[in-house]
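Visitor: I've just pulled this one up and could use a walk-through. Please start wherever you like.

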Amino acid sequence: MTDYPQKVSDSFNERLRLIRLRRKKENLHFWNEFRIIPRWLIVLVIVLFLAGQAIALFVNIDAVRHGGTVFPPDFQNDPALAFLASAGIVTGVSLVMATLIFMIAYVNRDASRRGMNSALWTILVILFLPTWGLIGLIIYLLMREPLPYNCPQCAATVGARFNFCPNCKCNLHPSCPQCKREVVETDKYCPYCAHELAATPSEPARNLS
Ligand SMILES: [Zn+2]
Ligand SMILES: [Zn+2]
């Protein structure tokens, strides 16, 4: 019972450390991120948008020819304005739908790229949509695992939770032997206490001066 708060704060610190690490190693750009959405889905959304416009146009042409009710009915006496208004409404609805579809696709692809349960996260985001809107997406963005990155020494792909590279034994979270604060693998001197870090941090024997 006594060590319970200790464990909670440990996992909380681990979470914060990973977020720091994530900011350092992940250099995300909107358009690069957009590229993980499958091409076929983007084509499908564009085709659906064009189909929606065509259907709205044909319904109105038909209504004007046969004297039916045009959409929207407020422009019954002005067919040109009705065409314009229906095109605008279709565009607006399509924009909202497309954003939601791309968002769900992004979560699905991004989760599997990060080694998370992509089906579960996709379902969660969709379930939250009708009642809580984008809360599911926000939870996902806060909870997602950091992306794997390349080992600074041998360029092998390493998980963000790894402490050592499984390929070359490189210490991925080296600390300064003098002040014990975390330093970057490529630092020559500790940025906090100026201790010389020339000896490879992955070999502790050489660190002892
Ligand atoms: Zn390595
Ligand atoms: Zn230091």
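**Pocket, core and metal sites**

Guide: Let's begin with the largest pocket: helix H2 (30–34), helix H4 (79–113) and helix H6 (135–143) each put at least two residues into its lining. Helices here are DSSP runs of H or I with at least four residues, strands are E runs of at least two, and numbering goes from the N terminus. Keep in mind that the model is predicted, with local features needing pLDDT of at least 70 and side-chain atom pairs pLDDT 80 or more, while totals for chains, interfaces and linings use all residues. Residues count from 1 along each chain as written, chains are lettered from A and ligands numbered from 1 in written order, and side-chain values use heavy atoms, without hydrogens or water.

Visitor: Which helix gives the most to that lining?

Guide: H4 does, with four residues.

Visitor: And what are the lining residues of the largest pocket?

Guide: Phe30, Glu33, Phe34, Ile37, Thr99, Phe102, Met103, Tyr106, Leu137 and Leu141 line the largest pocket. A pocket is an open set of points on a 1 Å grid over the protein atoms alone where a 1.4 Å probe fits, with protein on both sides within 12 Å along at least five of seven lines, and lining residues have an atom within 4 Å of a point.

Visitor: Glu33 catches my eye. Is glutamate 33 buried or exposed?

Guide: Glutamate 33 has a relative accessible area of 10%, so it is buried. The cut-offs are under 20% for buried and over 50% for exposed, with partly exposed in between (1.4 Å probe, protein chains only). Glutamate 33 sits in helix H2. Its C-alpha is 8.1 Å from that of tyrosine 106, although 73 residues separate the two along the chain.

Visitor: Okay, what's in the largest nonpolar core?

Guide: That core has 10 residues: Met103, Ile104, Val107, Ala111, Met116, Trp121, Val125, Leu129, Leu137 and Tyr140. H4, helix H5 (118–132) and H6 are the elements that contribute two or more of them. H4 gives the most to this core, with four residues. A core here means buried Ala, Val, Leu, Ile, Met, Phe, Trp, Tyr and Cys residues joined through side-chain atoms within 4.5 Å. As background, nonpolar side chains tend to be buried together in soluble globular proteins.

Visitor: Switching to metals. What holds the zinc ion (ligand 1)?

Guide: Four cysteine SG atoms do, from Cys151, Cys154, Cys165 and Cys168, at 2.2 to 2.3 Å. Donors are N, O and S atoms within 2.8 Å of the metal (3.2 Å for Na, K and Ca), and sites may look incomplete because water is not among the atoms. Along the chain, the donors of ligand 1 are spaced C-x2-C-x10-C-x2-C.

Visitor: Why is the arrangement around the zinc ion (ligand 1) tetrahedral?

Guide: Because the angles among the four donor atoms are 107 to 111°. Four donors count as tetrahedral if all angles lie between 85 and 135 degrees.

Visitor: How do those cysteines sit relative to the surface?

Guide: Cysteine 151 is buried, at 4% relative accessibility, whereas cysteine 154 is partly exposed at 28%.

Visitor: What about the zinc ion (ligand 2), which residues coordinate it?

Guide: Cys176, Cys179, Cys190 and Cys193 coordinate ligand 2 through their SG atoms, at 2.2 to 2.3 Å. The site of ligand 2 is tetrahedral, with donor angles of 107 to 117°. Its donors follow C-x2-C-x10-C-x2-C. Cysteine 190 counts as buried at 4% relative accessibility, and cysteine 193 as partly exposed at 26%.

Visitor: Any odd backbone spots?

Guide: Alanine 194 has phi near 65°, a positive value in a residue other than glycine. This alanine 194 lies in the loop between E2 (157–158) and helix H7 (204–207), and is exposed with a relative accessible area of 54%. Alanine 155 also has a positive phi, about 65°, and is placed in the loop between strand E1 (149–150) and strand E2.

Visitor: Where is there a cis peptide bond?

Guide: Between phenylalanine 71 and proline 72, with omega about -10°. Proline 72 is in the loop between helix H3 (39–66) and H4. Asparagine 77 lies in the loop between H3 and H4 as well, and at 77% relative accessibility it counts as exposed.

Visitor: Last one: how many helices and strands does the chain have?

Guide: Seven helices and two strands, running α-α-α-α-α-α-β-β-α from the N terminus. Of its 209 residues, 29% count as buried.

How values were computed. Tetrahedral: all angles 85-135°; square planar, octahedral: opposite > 155°, others 65-115°.
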